[in-house]
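Thanks for coming. I will go through one protein model today, slowly, and stop at a few residues on the way. Please have a look at it before I start.

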Amino acid sequence: MGQKFKKTIEDFICQHCGNLVKGTGYTDHCPKCLWSKHVDIYPGDRKSKCNGMMKPIGVEVKANKYIIYYQCIKCGYKHRVKSSPDDDFNEILKLTKN
């Protein structure tokens with residue numbers, strides 16, 4: 001079956017807001033605008049051929065942690081991830097209105 005998570009340390013420029021993001025190996029979205037990119041099949045593998053932008057569409061609180069929900073605007077793929085301590089909390093709050 002293989003490993004389902006691959007730690008990949010990469011810095012990137014957010015294609016939504018232009019913010020320079022310093023990767024930690026667990027970074028999968030921009031902490032400023034929360035947008036992501038559909039580049040993985042399994043976290044960190046960079047094997048998705050879609051490369052569409054992942055729009056944050058909602059948020060849920062579970063066990064005192066924020067889970068951000070995404071949908072790819074190119075192919076419709078849906079995904080969710082835990083928020084990061086570096087995430088702009090005002091952007092997370094905006095998602096509660098969705």
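Which residue in E6 is the bridge partner of Gln71? Keep that in mind while I set the scene. What you have on the screen is a predicted model.

The overall content first. The protein has 1 helix and 6 strands. Reading from the N terminus, the order is β-β-β-β-β-β-α, so the helix follows the strands, as you can check against that order.

Now the overall dimensions. The C-alpha trace spans about 35 × 30 × 25 Å along its principal axes. For 98 residues, a compact globule would have a radius of gyration near 13 Å, and the protein has 13 Å, so the two agree. Of the 98 residues, 34% are buried. The accessible surface is about 6700 Å², and 53% of that surface belongs to carbon and sulfur atoms. As for charge, there are 18 positive and 10 negative side chains, and the centres of the two sets are 5 Å apart. One more number of this kind: if you take contacts between residues at least 6 apart in sequence, 29% of them join residues at least 24 apart.

Next, the sheet. How many strands form the open sheet, and in what order? There are 4, in the order E3-E4-E5-E6, and the pairing is antiparallel. E3 and E6 are the edge strands, each pairing on one side only. For those new to this, strands of a sheet pair through backbone hydrogen bonds, and the pairing can be parallel or antiparallel.

Let me take the strand pairs in turn. E4 and E5, the latter being residues 65-72, are antiparallel and joined by 8 bridges. Two places to find on that pair: Pro56 has Tyr70 in E5 as its bridge partner, and Val59 stands opposite Ile68 in E5. The hairpin of E4 and E5 has 2 residues between the strands, and in it Ala63 takes a positive phi near 50 degrees.

On to E5 and E6. E6 covers residues 78-82, and it pairs with E5 in the antiparallel sense over 5 bridges. Here is the reply to my opening question: the bridge partner of Gln71 in E6 is Lys78. In the same pair of strands, Ile67 has Lys82 in E6 as its bridge partner. The hairpin of E5 and E6 has 5 residues between the strands, and there Gly76 takes a positive phi near 90 degrees.

Since phi has come up, two further residues. Leu34 has a positive phi of about 75 degrees, although it is not a glycine. Leu34 sits in the loop between E2, residues 20-21, and E3, residues 36-37. Asn51 is not a glycine either, and its phi is positive, at about 60 degrees. Asn51 belongs to the loop between E3 and E4, the latter being residues 53-62.

Are these two buried or exposed? Leu34 has a relative accessible area of 1%, so it counts as buried. Asn51 has a relative accessible area of 39%, so it is partly exposed.

The loop between E3 and E4 also holds His38. With a relative accessible area of 9%, His38 is buried. What does His38 touch, leaving out residues up to four places away in sequence? The list is Ser48, Cys50, Asn51, Gly52, Met54, Cys72, Cys75 and Tyr77. You will notice Asn51 among them, which we met a moment ago with its positive phi.

Last, a residue in the loop between E2 and E3, namely Tyr26. Tyr26 is exposed, because its relative accessible area is 55% and the cut-off for exposed is over 50%. Setting aside neighbours within four places in sequence, Tyr26 is in contact with Phe5 and Lys7. Leu95 is 69 residues from Tyr26 along the chain, and their C-alpha atoms are separated by 22 Å.

To recap the sheet: the order is E3-E4-E5-E6, with 8 bridges between E4 and E5 and 5 between E5 and E6. That is the end of my part.

Methods. Residues are numbered from 1 along each chain as its sequence is written. This is a predicted model: local features need pLDDT of at least 70, side-chain atom pairs count only at pLDDT 80 or more; totals for chains, interfaces and linings use all residues. Side-chain values use heavy atoms; hydrogens and water are left out. Buried means under 20% relative accessible area, exposed over 50%, partly exposed in between (1.4 Å probe, protein chains only). The radius of gyration is taken over C-alpha atoms; the globule rule is 2.2 Å times the number of residues to the power 0.38. Contact means heavy atoms within 4.5 Å. Accessible areas come from the Shrake-Rupley method with a 1.4 Å probe; for residues, only the protein chains shown count as cover. Lys and Arg count as positive and Asp and Glu as negative; His and the chain ends are not counted. The place of a charge is taken as NZ of Lys, CZ of Arg, CG of Asp or CD of Glu. Two strands pair if DSSP finds at least two bridges between them.
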